[in-house]
Amino acid sequence: MINRICQLANEIEDSIFLFGARQTGKSTTLRHQFPNEIYFDLLNTEVRNRFERRPALLYETLKDKPSGTLVIIDEIPEVPILLNEVHRLISEKNLRFILCGSSARKLKRKSTNTLGGRAFPVYFFPLVSAEVHDFDLDHALNYGMLPSHYLAKSPKRRLSAYVNVYLKEEIKEESLVRNLNAFQRFLEVAAIRNGEIINNKNIAQECGVSATTVSAYFDILEDTLIGYRIPAYGKVVQRRLVHAPKFYFFDVGVVNHLLNRSELKRGTPEYGHAFEHLVIQELIAYNRYTHQNEALSYWRSYTGIEVDVIIGDARVAIEIKSADEVLPKHLKGLKAFGEEHPNSRRIIVSNDIFSRNIGNIECLYVKDFFKLLWEHNFDQ
């Protein structure tokens, strides 16, 4: 059993919505961290059917429980009307809930009771390096960090089933899009453009839909936690800046499958793209799990000078390179950013095993950087 960094007991002074893409390990973690609490699994057909017929059954079952009792409802989007009963139990009986689901989109679409601020969202992510004994960087780059994929003996088969069943069938079942063929093409194009600046008009031409539809498709991927748009850093000092966002899927293994990309070789562009994606994936999880909640963005001038990640208001700038040796050419973006933001901390993360300072830029081997993050020394 992998001990997850996200310790939910620290999050539940009040009730919470626990959101995360499927197979990130939410249900396993809930059962591991709360083995003795009241637990309703709405993927259990009998339980779901009973609550669909009589939602008030939840209130009747729990109304006599002591104040402060913790109740877990897994896959709450399956029976969203139960949130009315949850609301009653929180208000009248002072019970606490963990309400788990793969996304909030189904709840939003059905205009369900969102509990009026009585439950706040907590997000769950694929594995991070600190959770894995003897973390294998290249294995993660090839197969991603979903527990069932990273730990599997046959991760390719697992990835295929995940993408074909979850990314496609779940979208179909929820009737989120009318033209499934166009959406499938969009998924492939989004994978090709993973980590690149979004141009809705160009993507629309490739998919045969409107730019408005492409924007709506990206909304679907974000709402179902399948991906994230990373905004551009917008504070202009000297250089004119690009303002369009970038997009990253939530797990590098999913992108590899969509692109039929496997056995990535160091030194290739594909390896470099996956390397950048994995580091950003780790940073997103770190930012949420540690409640830093600082904005993550990227910086790019109209002349093409770029820094991959900006944290907060230029507090930290991070360039990501898969090179085995950091060379002066790799530092161009950080140096340019430093000219405009001299008080920023500047870091280049790479496969160069010799962590050191190059002038006022920190050169960190990727595993040293991950260790710095999760040992909570990153902000020192």
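Two strands pair if DSSP finds at least two bridges between them. With that criterion in mind, the tour of this predicted model opens at a strand pair and then proceeds to two pockets and a single residue.

**First stop: strands E6 and E7**

Select strand E6 (227-230) together with strand E7 (residues 246-249). E6 and E7 run antiparallel and are joined by four bridges. To locate one of these pairings, display Tyr-228, whose bridge partner in E7 is Tyr-248. Next, show the side chains of E7: Lys-246 and Tyr-248 point one way, while Phe-247 and Phe-249 point the other way. In a regular strand, side chains alternate between the two faces of the sheet. Each of these four E7 residues, Lys-246 included, is buried.

**Second stop: the largest pocket**

Keep Tyr-228 selected and add Glu-222, Leu-225, Gly-227 and Arg-288; these five residues lie nearest the centre of the largest pocket. The volume of this pocket is about 430 Å³, and its lining comprises 22 residues. Which elements should be coloured to follow the lining? Helix H5 (105-109), helix H11 (211-223), strand E6 and helix H13 (269-289) each supply at least two of its residues. E6 provides the largest share, with four residues. Colouring the lining by class gives 13 nonpolar, three polar and six charged residues.

**Third stop: the second largest pocket**

Move to Thr-24, Gly-25, Lys-26, Ser-27 and Thr-28, which lie nearest the centre of the second largest pocket. This pocket has a volume of about 350 Å³ and a lining of 19 residues. Helix H1 (26-33) and helix H7 (147-150) are the elements that give two or more residues to that lining. Of the lining residues, four come from H1, which gives the most. By class, the lining has six nonpolar, seven polar and six charged residues.

**Fourth stop: Ile-38**

Finally, select Ile-38 in strand E2 (residues 38-41). Why does Ile-38 count as partly exposed? Its relative accessibility is 24%, and the partly exposed class lies between the buried limit of under 20% and the exposed limit of over 50%. Now display the residues around it: beyond its neighbours within four places in sequence, Ile-38 is in contact with Leu-62, Lys-65, Thr-69, Leu-70, Val-71 and Ile-72. As a last step, draw the C-alpha to C-alpha distance from Ile-38 to Ile-73, which is 8.5 Å for a separation of 35 residues in sequence.

Definitions and conventions. Residues numbered from 1 in each chain as written. Predicted model: local features only at pLDDT ≥ 70, side-chain atom pairs only at ≥ 80, totals over all residues. Heavy atoms only, no water. 1 Å grid on protein atoms, 1.4 Å probe; cavity = no way out; pocket = protein on both sides within 12 Å on 5 of 7 lines; lining within 4 Å. Points joined across faces, edges and corners; volume = space filled by probe spheres on them. Nonpolar A, V, L, I, M, F, W, Y, C, P; charged D, E, K, R; others polar. Buried < 20%, exposed > 50% of the residue type's maximum accessible area, 1.4 Å probe, protein only. Contact = heavy atoms within 4.5 Å.
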